[in-house]
Amino acid sequence: MRILVTGASGRLGGTLVERLVAAGHEVLGWSGATHGRCGGVELRPVDLTDQRAVTLALTEADPEAILHTAAVTSAEAAYRQPQRAAAVNIGATRHLAAWAARHDRRFLYTSTDLVFDGAKSWYGEHDPAEPILEYGRTKRAAEPFVMAIPRGVVARLSLLFGPSRHGTPSFFDLALDALGRGEPRSFFEDEFRTPVDYRTAAAILERLVVSGATGIVHVGGRERLSRFELMRRAAIVRGLDPDLVRANRQADHPAPEPRPADVSLDTTRLATLLPGLERPGIENALDETDPLGGSAATTPSPA
Ligand SMILES: NC(=O)c1ccc[n+]([C@@H]2O[C@H](COP(=O)([O-])OP(=O)(O)OC[C@H]3O[C@@H](n4cnc5c(N)ncnc54)[C@H](OP(=O)(O)O)[C@@H]3O)[C@@H](O)[C@H]2O)c1
């Protein structure tokens, strides 16, 4: 399949490019401002807020499917620059989805668990999505444009973890670096997600994009964990001192925007759509000995 990945210079996008190339797809990778190569693919910088440039580049690329991962991804950046976040996260998604609809192409948009307010656990696809963060509001606002097109799918991702093999270092990389230097780091013990590692997420998204699935699909790991629990287990896997991983609580860090307490995702629909889906636990996911991960999520499926 000829697949365009937006955000190919990012952490998830870069992992996806690698995954898609390895699976034999013809891959086109767009970045925002980054030049160079990723996963053997030459990045093409395309500012997604420039609609004319995007339309021209789409005509040239002529993809059968678009995997749209580009976004303003930091909650802090979205809070500080809401107009930029809206232009990228909403405006660009709307434009790309409209092009995909006009040309009868597959379109997968990566949304987030932060579309929920965090007042309950294990959110399903039909639960009301009422974001309390500006970032979540922009990601949520783009979803209807994707749901309205015949071949659109909204993949709401939970917290992604694992070493960033592409893009800028994540909280995970920075934390492990600090722990490796013997410096303690603190993480919320009262904020819950269903974390999934980058490689498993990429494998799932590949299967979803080639499938006929439409509508909203929740994509997360099997376990509901706080970042404190996640990082403690990661430290142990990496042979670092787990006691350097300290617990704190949201109330210890008053922020301009309150963070949702529990946005764990119910992934029953995902498991139904992708028969045979297996997601590695935290420890297996962090096994770097296999360049593409040993997850059964990577097993090709007719789904
Ligand atoms: N990370 C998580 O835990 C998480 C959780 C749930 C959902 N998600 C979603 O998953 C996707 C990927 O997240 P990530 O953390 O891997 O992203 P990331 O590493 O922050 O990368 C963001 C990407 O977006 C591109 N981009 C930003 N503004 C752009 C613009 N105006 N035009 C074109 N490209 C632009 C960047 O390009 P340049 O750097 O080249 O400028 C980069 O490739 C996002 O849609 C995010 O909302 C992430």
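The following exercises, each with a worked solution, concern a predicted model.

**Exercise 1. The sheet**

Determine the order of the strands in the open sheet and identify which strands stand at its edges.

Solution.
Step 1. The open sheet is formed by 8 strands, arranged in the order β3-β4-β2-β1-β5-β6-β7-β12, with mixed pairing.
Step 2. The edge positions belong to β3 (37-38) and β12 (215-219). Each has a single partner strand, so one side of each lacks a neighbour in the sheet.
Step 3. At the β12 edge, the partner is β7 (residues 152-157), and these two strands pair in the parallel sense over 5 bridges. Within this pair, Val153 is found opposite Gly215 of β12.
Step 4. Helix α1 packs on the sheet, where it touches β1 (2-6), β2 (26-31), β3, β4 (41-45), β5 (65-68) and β6. The direction of α1 makes about 165 degrees with that of β1.

**Exercise 2. Strand β6**

Establish how β6 is paired on its two sides, and decide whether its residues are buried or exposed.

Solution.
Step 1. With β5, strand β6 pairs in the parallel sense over 4 bridges; Ala65 stands opposite Arg106 in this pair.
Step 2. With β7, strand β6 again pairs in the parallel sense, here over 6 bridges. Tyr109 stands opposite Val154 of β7.
Step 3. Arg106, Leu108, Thr110 and Thr112 point one way from the strand, while Phe107, Tyr109 and Ser111 point the other way.
Step 4. Both sets are buried, in accordance with the count for β6, in which 7 of 7 residues are buried.

**Exercise 3. The surroundings of the ligand**

Describe which residues come nearest to the ligand and how the shell divides by residue character.

Solution.
Step 1. There are 26 residues around the ligand, and those that come nearest are Gly7, Gly10, Leu12, Gly32 and Thr34.
Step 2. The elements contributing two or more residues to this shell are α1 (11-22) and β6 (106-112). The largest share, 3 residues, is that of α1.
Step 3. By character, the shell comprises 10 nonpolar, 13 polar and 3 charged residues.

**Exercise 4. The nonpolar core**

Identify the residues with the most contacts inside the largest nonpolar core, and the helix that gives the largest share of that core.

Solution.
Step 1. As a general principle, nonpolar side chains in soluble globular proteins tend to be buried together.
Step 2. The largest nonpolar core of this model has 83 residues. Val5, Phe107, Leu108, Ala155, Ala201, Leu205 and Leu208 have the most contacts inside it.
Step 3. Helix α7 (residues 198-210) supplies the largest share, 9 residues.
Step 4. Ala201 may serve as an example: beyond its neighbours within four places in sequence, Ala201 is in contact with Leu12, Leu157, Leu160, Val196 and Val219.

**Exercise 5. Leu43 and helix α8**

Decide whether Leu43 is buried or exposed, and list the elements against which the buried residues of α8 pack.

Solution.
Step 1. Leu43 belongs to strand β4. Because 23 other C-beta atoms lie within 10 Å of its own, and the cut-off for burial is 20 or more, Leu43 is buried.
Step 2. Apart from neighbours within four places in sequence, the contacts of Leu43 are Ala8, Ser9, Gly29, Ser31, Thr34, His35, Gly36, Arg37 and Cys38.
Step 3. Phe228 lies 185 residues from Leu43 in sequence, and their C-alpha atoms are 35 Å apart in space.
Step 4. Phe228 is one of the buried residues of α8 (residues 227-237), together with Arg227, Leu230, Met231, Arg232, Ala234 and Ala235.
Step 5. These buried residues pack against β8 (160-161), α6 (171-180), β9 (185-188), β13 (225-226), β14 (245-248) and α10 (282-285).

**Exercise 6. Positive phi in two aspartates**

Locate Asp62 and Asp104, and state what sets their backbone apart from the general rule for phi.

Solution.
Step 1. Most residues other than glycine have a negative phi.
Step 2. Asp62, although not a glycine, has a positive phi of about 45 degrees. Asp62 lies in the loop between α2 (51-61) and β5, and counts as exposed because it has 11 C-beta neighbours inside 10 Å.
Step 3. Asp104, also not a glycine, has a positive phi of about 55 degrees. Asp104 is located in the loop between α4 (82-102) and β6; with 10 C-beta neighbours inside 10 Å, Asp104 counts as exposed.

Notes
Residues numbered from 1 in each chain as written. Predicted model: local features only at pLDDT ≥ 70, side-chain atom pairs only at ≥ 80, totals over all residues. Near = placed C-beta within 6 Å. Nonpolar A, V, L, I, M, F, W, Y, C, P; charged D, E, K, R; others polar. Buried ≥ 20, exposed ≤ 12 C-beta atoms within 10 Å, placed from the backbone. Contact = placed C-beta atoms within 7 Å. Pairing = 2+ DSSP bridges. Axes fitted to C-alpha atoms, helices over the stretch in contact; angles between N-to-C directions. Core = buried A, V, L, I, M, F, W, Y, C linked by C-beta atoms within 7 Å.
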